[in-house]
Amino acid sequence: MVVGFTIWAGAGIGFTLAPLFTDLGRGWVILEQLLHPNWLFIFEVGNAWLETLAIAVLASLFGCAVGLVAAMLASSVTLPNKAWHQVIKWTLSVIRSIPDIGYAFLFVALVGVGSLAGILALTMFNLGIVAKLTSESIDAVDRGPLEAAAASGANGIQRARWAVYPQVLPNFLSYSLYVFELNIRASIVIGAAGAGGIGNVLLVQLGRFEWENISALAIATFVVVLAIDVASQAIRRRIT
């Protein structure tokens, strides 16, 4: 069955490896330029790198803050009302179904080209991820503190604050660092849609066929993302 589906998929799109051999001469010119990156260009676009980092930080802050509130509303532990609980979960499912680049195009159309569109796009993207992961952690909390808080006369907000929040805080911080990692990568992609940052610079260089600059940006992006991943993983191990 796997082989059959693979053949069907390849035949359906006319898959062939022939261009790798017939167009190799044309591609070699581009490959040669990519193998000689213009390292100075990395520093010439320093402001774009800072803008990308700022977009990732602000989107993480706003998205995780709203995502924590949405997670509380999406869990039956903190929102016993079944009707509202289902409405919130369905809404979050719709939010998660739209990719980050889709939100980028939407907010660029609404607020124009620039970093604001990128922040809003990634905030929505983060909201869906953080709310889902955190709500699942809330569903798995120890019910003992909840029962103790209810017996002492605490209302719903107080139970969530003192009985649920302390239990899910380590996981929530881990999820927040995770979406920050995603934001660094995603901010580059959505920048190509006009949402600001280094992605916008990359799009311009692609239009100019400046392959030496593109190669330098690609390598620098790899180093930055790798460094943030390593640092984030170390922090997550300490808090969990």
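**Figure 1. Contacts across the chain in this predicted model.** Take the contacts between residues at least 6 apart in sequence: 77% of them join residues at least 24 apart. The fold behind those contacts is built from 12 helices and zero strands. Read along the sequence, that gives the pattern α-α-α-α-α-α-α-α-α-α-α-α.

**Figure 2. Overall dimensions and surface.** The radius of gyration is 23 Å, whereas a compact globule of 240 residues would come in near 18 Å. Along the principal axes, the C-alpha atoms fill a box of roughly 75 × 50 × 40 Å. Of the 240 residues, 40% count as buried. As for what's on the outside, the accessible surface comes to about 13,800 Å², and 71% of that belongs to carbon and sulfur atoms.

**Figure 3. Charged side chains.** Positive and negative side chains number 13 each. The centres of the two sets sit 14 Å apart.

**Figure 4. Close-up of helix α11, residues 198-208.** The buried residues here are I198, G199, V201 and Q205. Looking down the axis of α11, they fall within an arc of 155 degrees, so they line one face of the helix. It helps to recall that an α-helix has 3.6 residues a turn, so residues three or four places apart point the same way.

**Figure 5. What packs over α11, and what comes after.** The cover on the buried residues of α11 includes α4 (40-44) and α5 (46-74), along with α10 (156-195) and α12 (211-239). Just after α11 there's a backbone detail to look for: F209 takes a positive phi of about 60 degrees.

How values were computed: Residues are numbered from 1 along each chain as its sequence is written. This is a predicted model: local features need pLDDT of at least 70, side-chain atom pairs count only at pLDDT 80 or more; totals for chains, interfaces and linings use all residues. Side-chain values use heavy atoms; hydrogens and water are left out. Buried means under 20% relative accessible area, exposed over 50%, partly exposed in between (1.4 Å probe, protein chains only). Helices (H or I, at least four residues) and strands (E, at least two) are DSSP runs, numbered from the N terminus. The arc is that of the directions from the helix axis to the C-beta atoms. Contact means heavy atoms within 4.5 Å. The radius of gyration is taken over C-alpha atoms; the globule rule is 2.2 Å times the number of residues to the power 0.38. Accessible areas come from the Shrake-Rupley method with a 1.4 Å probe; for residues, only the protein chains shown count as cover. Lys and Arg count as positive and Asp and Glu as negative; His and the chain ends are not counted. The place of a charge is taken as NZ of Lys, CZ of Arg, CG of Asp or CD of Glu.
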